[in-house]
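Q: I am in my first year and would like to learn how to look at one part of a protein model closely and with care. Please choose a single part, walk me through it slowly, and then show me what lies around it.

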Amino acid sequence: MSAYRTKQVNQFQFSKGFTLVELMVGIAILAILTAIAAPNLSDYLIKSKVDNEISQLHRLILTARNTAINTGKNVTICPLSGTTCGTNWKNELSVFTNDSDNTKYDSANEELIKVKSKISSDDALKFNQATLIYTATGRLTSGNDSLFIYCPSANTDLARGINIALSGRVYASQDTDNDEKDEDRDGNELDCS
């Protein structure tokens, strides 16, 4: 083998990989990018969880309303505690048809339509009524509008809500004043306290 060829082979063997300085610069850039992205990623994950819960709740309410209209029976949404409606809205939410007592579920005579799983133990789901009951016309039985508020424990500023009008229509909360906090249909900021 010629001397020139040996020199090329030796240079090639030593030029593989990164130098220590190159490696340290790469790690420093990665650390800076991670420090910038981490807070935004945390908010993004919380927003995704809240949006998912609100979407599931929205579908559950629409299912209850549609079932009431299609069956001609009252349909109740509540957190069942045994066969009676409870008040802890963090628990599983049940949708069932009812014939007589709107706050009790009779498995022999009434139909359980759908069940939504309970929410994360640290978060809160607030509702301003004891139960949500749709009539056969698709309207609510209660005399006023209803409001669900989902409050994530990590950042209550990211709370979202669902307004249910007396007519039975469902509306998701929105940030109407661009302050990065959702408001209900009356323009009031959602309150998690």
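A: What follows is a close look at one helix, then at the spaces that it helps to line, and finally at some other places in the chain.

The model is a predicted one, so every value below is computed from predicted atoms. The part to begin with is helix α2, which covers residues 20-71. A simple check on such a helix is to compare the length that its residues should give with the length that the model shows: at 1.5 Å a residue, the 52 residues of α2 should span 76 Å, and the C-alpha atoms at its two ends are 73 Å apart, which agrees. The helix does have a kink, however, of about 35° at Ala-37, and this kink lies shortly before the proline Pro-39. Just after α2 comes Gly-72, whose phi is positive at about 75°.

The next step is to ask which residues of the helix are hidden from the surroundings. The buried residues of α2 are Ile-46, Val-50, Glu-53, Ile-54, Leu-57, Leu-60, Ile-61, Ala-64, Arg-65, Thr-67 and Ala-68. Leu-30 also has its place in helix α2, but Leu-30 counts as exposed because its relative accessibility is 57%, and the cut-off for exposed is over 50%. Leu-30 can also be set against a residue elsewhere in the chain: the C-alpha atoms of Leu-30 and Asp-122 are separated by 32 Å, and the two residues are 92 apart along the chain.

Helix α2 also takes part in lining two kinds of space, of which the first to consider is enclosed. The count of cavities of 30 Å³ or more comes to one, and the largest cavity holds about 30 Å³ of space. Its lining is made by Glu-53, Ile-54, Leu-57, Lys-116, Ile-119, Leu-125 and Tyr-150. Helix α2 gives the largest share of this lining, with three residues. Sorted by class, the lining of the largest cavity has five nonpolar residues and two charged ones, with no polar residue. Glu-53, Ile-54 and Leu-57 can be found both in this lining and among the buried residues of the helix.

The second kind of space is open, and here the largest pocket has a volume of about 220 Å³. The residues that line this pocket are Asp-43, Lys-47, Val-50, Asp-51, Asp-157, Leu-158, Ala-159, Arg-160, Asp-175, Glu-180, Lys-181 and Asp-182. Once more α2 supplies the largest share, which in the largest pocket is four residues. The classes here divide into three nonpolar, no polar and nine charged residues.

One residue of the pocket lining, Glu-180, deserves a second look. Glu-180 is found in the segment after β10, and its relative accessible area of 63% means that it is exposed. Its phi is positive, at about 70°, although Glu-180 is not a glycine. To see why that is worth noting, it helps to know that most residues other than glycine have a negative phi. Asn-178, which is also found in the segment after β10, has a positive phi of about 55° and is likewise not a glycine. With a relative accessible area of 68%, Asn-178 is exposed. Ser-193 is found in the segment after β10 too and counts as exposed because its relative accessibility is 75%. The C-alpha atoms of Ser-193 and Thr-156 are separated by 8.9 Å, although the two residues are 37 apart along the chain.

Away from the helix, the aromatic rings give another view of how parts of the chain meet. The structure holds four aromatic pairs. In one of them, the rings of Phe-127 and Phe-148 have centres 4.0 Å apart and planes at 20°, so this pair is stacked. The pair links distant parts of the chain, since Phe-127 sits in strand β6 (residues 124-127) and Phe-148 in strand β8 (residues 146-151), 21 residues apart. Both Phe-127 and Phe-148 are buried, and together with Trp-89 they form one aromatic cluster.

A last residue to look at is Gln-129, in the loop between β6 and β7. Gln-129 counts as buried because its relative accessibility is 17%, and the cut-off for buried is under 20%. From Gln-129 to Tyr-150 the distance is 15 Å, C-alpha to C-alpha, with their positions 21 residues apart in sequence. Tyr-150 brings the account back to the largest cavity, as it is one of the residues in that lining.

Terms used
Residues are numbered from 1 along each chain as its sequence is written. This is a predicted model: local features need pLDDT of at least 70, side-chain atom pairs count only at pLDDT 80 or more; totals for chains, interfaces and linings use all residues. Side-chain values use heavy atoms; hydrogens and water are left out. On a 1 Å grid over the protein atoms alone, a cavity is a set of points where a 1.4 Å probe fits but cannot get out, and a pocket is an open set with protein on both sides within 12 Å along at least five of seven lines; lining residues have an atom within 4 Å of a point. Grid points are joined across faces, edges and corners, and a volume is the space filled by probe spheres set on the points. Ala, Val, Leu, Ile, Met, Phe, Trp, Tyr, Cys and Pro count as nonpolar, Asp, Glu, Lys and Arg as charged, and the others, Gly among them, as polar. The expected span of a helix is 1.5 Å times one less than its number of residues. The bend at a residue is the angle between axes fitted to the seven residues ending there and the seven starting there. Buried means under 20% relative accessible area, exposed over 50%, partly exposed in between (1.4 Å probe, protein chains only). Rings of Phe, Tyr and Trp (its six-membered ring) pair if their centres lie within 6.5 Å; planes under 30 degrees apart count as stacked, over 60 as edge-to-face and the rest as tilted.
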